[in-house]
Amino acid sequence: MRPGDTIERLHGDRDRGQGEPAPIAAPGRRRRATAVGYLVGFLVGISTRAIVELGGYRVAETRAQSVGWEVDTVSTRDADVYIRLEGPLPVPDTATLKALLDTAGVDTRKVTVHLVPIYSVKLANIVCPPEGY
């Protein structure tokens, strides 16, 4: 075996005469190239969504913490971003969150924020009326 033997086998150089052009790609190679192209596009889409979600999460988390709320989820569906915030009443001002997201480069035309007020009660602290009352 000599250097380049494997490459020559892949391209079929040994079976052709010197004057023949090299084939563009075997059908199997075209299918693999197409599959790789789809995979790369899919991964780029996932990466883009992950970057948007992470950026949206960081901004929303900073804003939520400043008003005593917390981020429950940040998700994307197609080009839309959904941010779900939970916390005590009153519901925080959303104009500030919008301005912060705009500054972070998030296209707020595609953002929906779900503000879910939470009222929590620790039942151990509740005094029940006496029976028969």
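Q: Which residues are linked in a network of salt bridges?
A: In this predicted model, side chains of opposite charge can pair when their charged atoms come close. One such pairing joins Glu-86 and Arg-84, whose side chains meet in a salt bridge at 3.1 Å, N to O. The network of salt bridges links Asp-72, Arg-84 and Glu-86.

Q: How many salt bridges does the count come to?
A: A salt bridge is counted where a side-chain nitrogen of Lys or Arg lies within 4 Å of a carboxyl oxygen of Asp or Glu. Among the pairs that meet this rule are Glu-86 with Arg-84, and Arg-109 with Asp-107. By this rule, the count of salt bridges comes to four.

Q: Is Glu-86 buried or exposed?
A: Glu-86 is found in strand β2, and its contacts, leaving aside neighbours within four places in sequence, include Trp-69, Val-116 and Ile-118. The relative accessible area of Glu-86 is 18%, and buried means under 20%. Its salt-bridge partner Arg-84 counts as partly exposed at 30% relative accessibility, whereas Glu-86 is buried.

Q: Where do Lys-98 and Asp-102 both lie?
A: The side chains of Lys-98 and Asp-102 meet in a salt bridge, with 2.9 Å from N to O. Lys-98 counts as partly exposed at 43% relative accessibility, and Asp-102 also counts as partly exposed, at 36%. The two residues are four apart, about one turn of the helix, and both lie in helix α3, residues 94–103.

Q: What is the relative accessible area of Arg-109?
A: Arg-109 forms a salt bridge with Asp-107, and the closest N and O atoms of this pair are 2.9 Å apart. Asp-107 is partly exposed, with a relative accessible area of 30%. Exposed means over 50%, and Arg-109 is exposed because its relative accessible area is 74%.

Q: In which sense do strand β2 and strand β3 pair?
A: Strand β2 covers residues 80–87 and strand β3 covers residues 111–117, and seven bridges run between them. Within this pairing, Tyr-82 stands opposite Thr-112 in β3. The sense in which strand β2 and strand β3 pair is parallel.

Q: Which helix does the chain pass through as it crosses from β2 to β3?
A: Strand β2 and strand β3 pair in the parallel sense. The path that the chain takes between them is a β-α-β crossover, and this crossover is right-handed. The helix through which the chain crosses is α3.

Technical notes:
Residues are numbered from 1 along each chain as its sequence is written. This is a predicted model: local features need pLDDT of at least 70, side-chain atom pairs count only at pLDDT 80 or more; totals for chains, interfaces and linings use all residues. Side-chain values use heavy atoms; hydrogens and water are left out. Buried means under 20% relative accessible area, exposed over 50%, partly exposed in between (1.4 Å probe, protein chains only). Two strands pair if DSSP finds at least two bridges between them. A crossover is right-handed if, with the strands pointing away from the viewer, the path from the first strand over the helix to the second runs clockwise. Contact means heavy atoms within 4.5 Å.
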